[in-house]
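Work through the exercises below with the sequence and the model open beside you. Try each task before reading its solution.

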Amino acid sequence: MRPYEFKSIETKWQKIWEEEKSFKAERDPARKKFYLLEMFPYPSGRIHMGHVRNYAIADAIARFKRMQGFNVLHPLGWDAFGMPAENAAIQNKTHPAKWTFENIRTMRTQIKRLGFSYDWDREIATCRPEYYRWNQWCFLKFMEKGLVYRKTATVNWCEACQTVLANEQVVDGCCWRCDGPVQQKQQDGWFFKITEYADKLLEGCKQLSGGWPEQVLTMQTNWIGKSYGAEVDFQIKDQKAAIKVFTTRPDTLYGSTFMVLSPEHPLTKSLSRGTGQEQAVDAFIEKVAREDKFLRTSETAEKEGVFTGAFAINPLTGKEVPVWSANFVLMEYGTGAIMSVPAHDQRDLDFARKYGLPIKVVIQPENKTLDAATMTEAYSAEGTMVDSGPFDGLSGKEGIRKVSEYLAEKNIGKATINYKLRDWGVSRQRYWGTPIPVVHCEACGMVPVPYDQLPVELPLDAQLGERGQSPLGRSPDFLNTPCPKCQQPARRETDTLDTFLCSSWYFDRFTSPRNETEPFGKEDVNYWMPVDQYIGGIEHAILHLLYSRFFHHVFRDLGLIEPEEPFTRLLTQGMVIKDGAKMSKSKGNVVDPDDIINTYGADTARLFILFAAPPVKDLDWSDKGVEGGSRFLKRAWRIFGDFLEEIQSAGKPSDVSVSLPKELKELRRMTHITIKRVTDDIQNRTQFNTAIAAIMELVNHLYTFKEWWNAASRDATGKAVVREAIETLVLMLTPFAPHIAEEMWSLLGNRSSASETPWPEYDSALIQSEEILIVIQVNGKVRQKITVQADISEDDLKSLTLADPKIRELTDGQEIKKIIVVPKKLVNIVAR
């Protein structure tokens with residue numbers, strides 16, 4: 001047997017797979033489909049082993065499902081628009097398109113060297129007009145459905161990236177992309193009404209339970225933030241206007257002793273005019289605008305505020321309450337105004353103590369009496385209403401209901417539902433993105449571009465400004481265009497679409513990526529969708545996954561697609577850790593897969609990354625672990641070679657007689673145990689590390705078995721048993737190390753590919769051991785262990801136990817009072 005030459009083997013099989021289009025998927029209603037997808041990669045330059053982990057996990061599942069007989073769709077493409085391309089273009093004095101396409105070529109070459117089973121005929125790149133024309137098509141369809149609008153709003157502005165960010169793209173007050181500080185700024189922009197789908201998105205979370213990690217569903221549920229309560233109007237003193245607040249506890253209204261507005265609330269500044277508080281309020285608004293919006297609302301942040309100089313009227317008590325503005329109230333939640341009940345909200349209590357504001361107890365617990373003057377902790381649980389006029393004595397939900405009914409009756413409020421979720425701001429002041437298909441005309445206003453004029457193409461001859469400023473507003477050929485309605489001179493919209501829009505429906509496009517008349521064919525999308533297994537990082541729990549679900553629900557309402565949700569199962573893989581930090585280019589701790597492939601081979605790279613840790617756990621990079629994976633494959637190759645010549649003409653396992661020596665019986669048992677373990681670990685547990693461990697145990701057993709085999713008389717029956725074990729080893733390796741597995745399968749004389757061979761099934765009768773280990777106790781203490789036949793009777797087991805020399809010595813001279821037998825486990829002798 002020749003040595004294991006991974007370079008020639010891997011080159012050979014990758015060429016065969018490519019020439020034969022081994023993994024090309026075609027719609028076939030007669031076959032059960034399996035759609036497997038990793039989250040869209042961004043063409044950042046070169047992949048590292050952190051990326052490889054994601055792809056290797058997916059490929060193991062894809063190959064396994066293909067061997068199980070599924071019609072597998074496993075595509076790959078490129079989420080190719082975005083700011084990194086612009087930043088790189090500025091740094092390297094090149095064009096974003098040139099940088100992007102060079103990176104795609106590099107990454108495609110790297111990925112192909114790893115032998116992943118992608119259908120490359122379905123490859124797409126979102127920066128190509130044939131893709132982003134359908135982004136524009138979606139925008140127009142959403143606009144027709146009333147889900148798109150333009151307004152001036154307070155937006156998240158990243159100065160470093162010179163663009164607006166959606167709320168979901170701000171992480172701890174910083175830009176999700178560059179980690180730069182985010183400021184608040186007034187800006188015109190386009191929005192998608194994702195809030196109209198809040199209930200559908202929440203309801204879908206229930207359907208996804210069991211298929212998605214509960215952590216992700218909880219994060220989405222909390223982000224949507226549905227809460228029940230009441231809207232209440234507080235009349236502004238000496239004005240006709242009122243301040244509308246939302247509260248989940250209308251039963252505490254009598255305890256509202258002051259109000260708080262968000263610094264961004266339009267009334268904050270106007271109420272202060274003419275009160276003498278103008279300067280203080282303006283300074284406070286300016287100060288808070290520079291603060292981290294998310295940190296300022298954290299529980300540990302200092303509560304700061306300013307009195308506006310105005311008063312409002314508590315609608316139930318009729319008393320005046322001062323109107324303040326504070327840093328912990330956000331315009332994004334509720335109405336941007338709150339009624340403060342310091343006795344029953346800790347944040348309000350801290351604020352009231354700091355600024356000397358009144359505190360009033362209106363809810364009393366059962367086991368103690370609260371004192372507003374001395375309390376240090378707010379009581380926020382349910383209790384009995386007190387000092388609350390006609391509602392005294394009511395408690396819990398009854399009090400909330402009665403107060404809500406009274407508010408509606410008096411026309412000063414109503415029961416309502418509130419959401420934390422806000423509409424998705426999709427405008428970006430960047431160049432490298434999808435142009436928004438709208439024309440601004442002085443006569444006609446904002447006019448959508450007709451469908452037959454799509455795509456509105458991004459000009460590739462435009463040059464970025466020094467700080468990445470978009471050139472679209474300075475490009476006459478792009479900017480100037482006739483109005484689609486009146487044909488008079490008009491100008492195009494110069495904002496581009498948030499790049500998350502590209503990845504919100506790409507999985508649908510993969511079902512018919514060359515369709516030139518529609519974004520996806522209905523027959524194709526309804527055959528392949530939903531994605532059966534989606535794989536990606538948990539950092540996308542809110543951003544990408546929520547947007548994708550929103551798009552899917554809109555598509556359903558438009559009659560474009562039938563499945564209720566886009567992704568049936570979600571696996572969020574752990575990170576690859578090196579030198580104590582997540583493997584990333586910014587940390588300078590990446591491992592290039594080309595280095596591993598050149599030294600050890602693609603199969604070793606794949607095997608190590610799958611064996612080192614369960615998929616959902618973080619993986620600590622280990623050079624020794626890589627070497628260990630290489631040693632195992634060489635060890636498997638050698639034992640395969642040791643048996644190859646003798647078993648090439650051997651019969652199939654079905655020809656094997658049940659009358660076998662115990663060594664052959666044990667080999668068959670190990671073979672079928674391995675099939676059972678590997679199948680269960682991949683299919684039911686998605687635990688590749690334990691599946692590979694089971695394959696390693698089979699290899700170890702084959703080495704032990706070989707010692708007996710070399711001295712045994714080798715008949716056709718024995719050779720058939722060995723062939724069954726070797727074939728099982730090869731097929732079990734196929735999802736994890738496909739190149740070496742294909743080579744072994746070919747050397748066995750098989751004409752078909754290992755990847756096309758049906759996954760073996762285990763025989764449950766064969767995995768039962770014919771011998772079992774029995775523990776013997778004397779008066780409860782373990783004294784001996786013996787091996788017996790699995791079907792031994794209880795009487796024979798007792799006799800065998802008492803006949804054991806060691807047990808006879810320990811019980812000599814004592815009376816056997818009782819013998820307790822736990823079947824197939826132990827015997828306990830009670831002797832005195």
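The exercises that follow go from the whole chain to its empty spaces, then to single helices and residues of this predicted model.

**Exercise 1. The chain as a whole**

Find how many helices and strands the chain has, and what percentage of its residues is buried.

*Solution.* Begin with the secondary structure, where the chain shows 24 helices and 32 strands. Next take the extent of the C-alpha trace, which along its principal axes spans about 105 × 85 × 50 Å. Then turn to burial: of the 832 residues in the chain, 56% are buried. Finally, consider the contacts between residues at least 6 apart in sequence, among which 73% join residues at least 24 apart.

**Exercise 2. The closed cavities**

Determine how many cavities of 30 Å³ or more the structure holds, and describe what lines the largest cavity.

*Solution.* As background, rolling a probe the size of a water molecule over the atoms shows where empty space is left. A search of the whole structure gives 3 cavities of 30 Å³ or more, and the largest cavity holds about 150 Å³ of space. Its lining is made of 17 residues, with M83, R428, R430, D498 and T499 nearest the centre. Sorted by class, this lining of the largest cavity has 6 nonpolar, 6 polar and 5 charged residues. Sorted by element, α3 (83–92), β4 (163–165) and β23 (496–497) each give at least two residues, and β4 gives the largest share, with 3 residues.

The second largest cavity, with about 50 Å³ of space, can be treated in the same steps. Its lining includes V155, V164, W190 and Q429, and strand β7 (residues 182–192) supplies the largest share of that lining, 5 residues. By class, the lining of the second largest cavity has 5 nonpolar, 5 polar and 1 charged residues.

**Exercise 3. An open pocket**

For the second largest pocket, find which strand or helix supplies the largest share of the lining.

*Solution.* The space in the second largest pocket is about 710 Å³, and among the 32 residues that line it, A153, T154, V155, M331 and E332 are the closest to its centre. Six elements, β3 (148–158), β4, β7, α8, α9 and β17 (424–425), each supply at least two residues of the lining. Of the lining, the largest share comes from β3, with 7 residues. By class, the lining of this pocket divides into 14 nonpolar, 9 polar and 9 charged residues.

**Exercise 4. The two sides of helix α9**

Check whether the length of α9 agrees with its number of residues, and then decide which of its residues are buried and which are exposed.

*Solution.* Helix α9 (residues 278–289) has 12 residues, which at 1.5 Å a residue should span 16 Å, and since its end C-alpha atoms are 17 Å apart, the two values agree. Within α9, the residues V281, F284, I285 and V288 are buried. These buried residues cover an arc of only 100° around the axis, so they lie on the same side of α9. On the other side of α9, Q279 and E286 are exposed. The buried residues of the helix pack against α8 (266–272), β11 (305–313) and β12 (320–326).

**Exercise 5. Unusual backbone angles**

Locate K93 and T686, and say for each whether it is buried or exposed.

*Solution.* Recall that most residues other than glycine have a negative phi, and most peptide bonds are trans. K93, which is not a glycine, has a positive phi of about 50°, and its place is in the loop between α3 and α4. Because its relative accessible area is 76%, and exposed means over 50%, K93 is exposed. T686 also has a positive phi, near 50°, and lies in the loop between α19 (662–683) and α20 (688–711). Its relative accessibility is 16%, and buried means under 20%, so T686 counts as buried.

Now look for cis peptide bonds. The bond from L454 to P455 is cis, with omega near 0°, and P455 lies in the loop between β20 (445–448) and α12 (476–479). The bond from M529 to P530 is cis as well, with omega near 5°, and P530 lies in the loop between α14 (522–528) and β24 (531–536).

Definitions and conventions
Residues numbered from 1 in each chain as written. Predicted model: local features only at pLDDT ≥ 70, side-chain atom pairs only at ≥ 80, totals over all residues. Heavy atoms only, no water. 1 Å grid on protein atoms, 1.4 Å probe; cavity = no way out; pocket = protein on both sides within 12 Å on 5 of 7 lines; lining within 4 Å. Points joined across faces, edges and corners; volume = space filled by probe spheres on them. Helix = DSSP H or I, 4+ residues; strand = E, 2+ residues; numbered from the N terminus. Nonpolar A, V, L, I, M, F, W, Y, C, P; charged D, E, K, R; others polar. Expected span 1.5 Å × (residues − 1). Buried < 20%, exposed > 50% of the residue type's maximum accessible area, 1.4 Å probe, protein only. Arc of directions from axis to C-beta. Contact = heavy atoms within 4.5 Å.
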